Amino acid sequence: MPCRFCKGVSAGRRMDEVTQAVENLKKEWSQAVSQLEESIATIKSCGKAGKGTEEANSLPRLNGSAQDALQLLKSLQFRLDLLAQQLPTFEEVQSGQATLQSWDEQYKKLRASLRNANLQAKENIRKAAQEERELLLGGGEESTIRRRNLQTKAGMTSAAESITESLRRSRQMMVQEVERSASTLATFDESTSVLQKAEGEYQGHRSLLMRTRGLLSTMQRQDVLDRVILTVGFIIFSLAVLYVVSRRIGLLTLQRKLADAIRSGSLSAEDIVAKAQPGPAAANVPAPAPPIYDEL
């Protein structure tokens, strides 16, 4: 009983941890969606400030940040799909599946919004670049200074963009490793639950095997006892048969001898009857006359 109680407590604690993990995923989803919406709004307004070249260079960085947010949302969907199957009640499982479906629809809408924002940003950058080109081709000192500033800013922006791209790739690799670690942990949890079930079944089979072993020992002892009883009974029966046969053989031998004696004339029927009668009755019978020998 204490072991079952401990298992029940640990199972309840694990279910509470699963529920808490689902709530944390919902909070992370809300934060990631807010960050992605800000990135989409920034991309959509790119090029409207009249700085077409600068904002064109910063557009890949913004798109990289938005793609990271999309990958994070996809990872959160995957983790929710794993945790939803482990929720304690059927209602919570259904709620988790509904949340997962709404997340998928929201993910598709955000992806479409990001695509539309990029199209709008490219159009804004094209218009801003055309205005800058017309201004630069106008001539004058102001145009020369502006051209130099643009070249300097373009070099700085290009260096910053390369660093940002490198950092984005590093972050993407870290996110992938985190996802892989999360899937590995989920696999470990499933393996632990399977091993716990196997341990319970093994304990049940072990008790059954112990009972079966006891029954087999009892049956073996009973078999030995039955063999001993059968052997002793067979021996007694054989001795009885031998005794009866020997008695019958003795009587038959005696009967044969009497018959031979009667046939040979050495013993008469009266002598046999006299020997068969009791002792007192035999006293009334006169003694046989002594044999007469002829001396001639």
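# Exercises on a predicted helical model

Leaving out neighbours within four places in sequence, T99 is in contact with K26 and L80. The model behind these exercises is predicted.

**Exercise 1. Place T99 and decide whether it is buried or exposed.**

Step 1. Find the element. T99 sits in helix 3, which spans residues 90–136.

Step 2. Take the relative accessible area. For T99 the value is 16%.

Step 3. Apply the cut-off. Buried means under 20%. T99 is therefore buried.

Step 4. Assign its partners. With neighbours within four places in sequence set aside, the contacts of T99 are K26 and L80.

**Exercise 2. Classify Q97 by its relative accessibility, then list its contacts.**

Step 1. Locate the residue. Q97 is in helix 3.

Step 2. Read the accessibility. Q97 has 29%.

Step 3. Compare with the limits. Partly exposed lies between 20% and 50%, so Q97 counts as partly exposed.

Step 4. List the contacts. Not counting residues up to four places away in sequence, Q97 touches D81, A84 and Q85.

Step 5. Check one pair in space. Q97 and A84 are 13 residues apart in sequence, and their C-alpha atoms are 6.7 Å apart.

**Exercise 3. Describe the surroundings of I40 in helix 1.**

Step 1. Check burial. The relative accessible area of I40 is 10%. The limit for buried is under 20%, so I40 is buried.

Step 2. Collect contacts. Beyond its neighbours within four places in sequence, I40 meets L110, S113, L114 and A117.

Step 3. Add a C-alpha distance. I40 and R115 are 75 residues apart along the chain, yet their C-alpha atoms are separated by 9.0 Å.

**Exercise 4. Which residues have the most contacts inside the largest nonpolar core?**

Step 1. Size the core. It has 29 residues.

Step 2. Name the hubs. W29, L36, I43 and L73 have the most contacts inside it.

Step 3. Trace the elements. Helix 1, helix 2 and helix 3 each supply at least two residues of this core.

Step 4. Expand one hub. Not counting residues up to four places away in sequence, I43 touches L59, L62, N63, A66, L114, A117, N118 and A121.

**Exercise 5. Characterise the lining of the largest pocket.**

Step 1. Start with volume. The largest pocket has about 410 Å³.

Step 2. Assign elements. Helix 1 (2–44), helix 2 (52–84) and helix 4 (141–264) each give two or more residues to the lining. Helix 1 gives the most, with 7 residues.

Step 3. Count the lining. There are 17 residues, and A21, L83, A182, L185 and D189 lie nearest the pocket centre.

Step 4. Sort by class. The lining holds 9 nonpolar, 3 polar and 5 charged residues.

**Exercise 6. What is the secondary structure over the annotated residues 228–246?**

Step 1. Take the record. An unreviewed UniProt entry annotates residues 228–246 as "transmembrane region".

Step 2. Compare with the model. Residues 228–246 are 100% helix and 0% strand.

Step 3. Take the span. The end C-alpha atoms are 27 Å apart.

**Exercise 7. Summarise the whole chain: how many helices and strands does it have?**

Step 1. Count elements. The chain has 6 helices and 0 strands. Along the sequence the pattern is α-α-α-α-α-α.

Step 2. Gauge burial. Of its 296 residues, 19% count as buried.

Step 3. Look at contact range. Take contacts between residues at least 6 apart in sequence; 76% of them join residues at least 24 apart.

How values were computed:
Residues numbered from 1 in each chain as written. Predicted model: local features only at pLDDT ≥ 70, side-chain atom pairs only at ≥ 80, totals over all residues. Heavy atoms only, no water. UniProt positions renumbered as here; feature names shortened; annotations may be inferred. Helix = DSSP H or I, 4+ residues; strand = E, 2+ residues; numbered from the N terminus. 1 Å grid on protein atoms, 1.4 Å probe; cavity = no way out; pocket = protein on both sides within 12 Å on 5 of 7 lines; lining within 4 Å. Points joined across faces, edges and corners; volume = space filled by probe spheres on them. Nonpolar A, V, L, I, M, F, W, Y, C, P; charged D, E, K, R; others polar. Buried < 20%, exposed > 50% of the residue type's maximum accessible area, 1.4 Å probe, protein only. Contact = heavy atoms within 4.5 Å. Core = buried A, V, L, I, M, F, W, Y, C linked by side-chain atoms within 4.5 Å.
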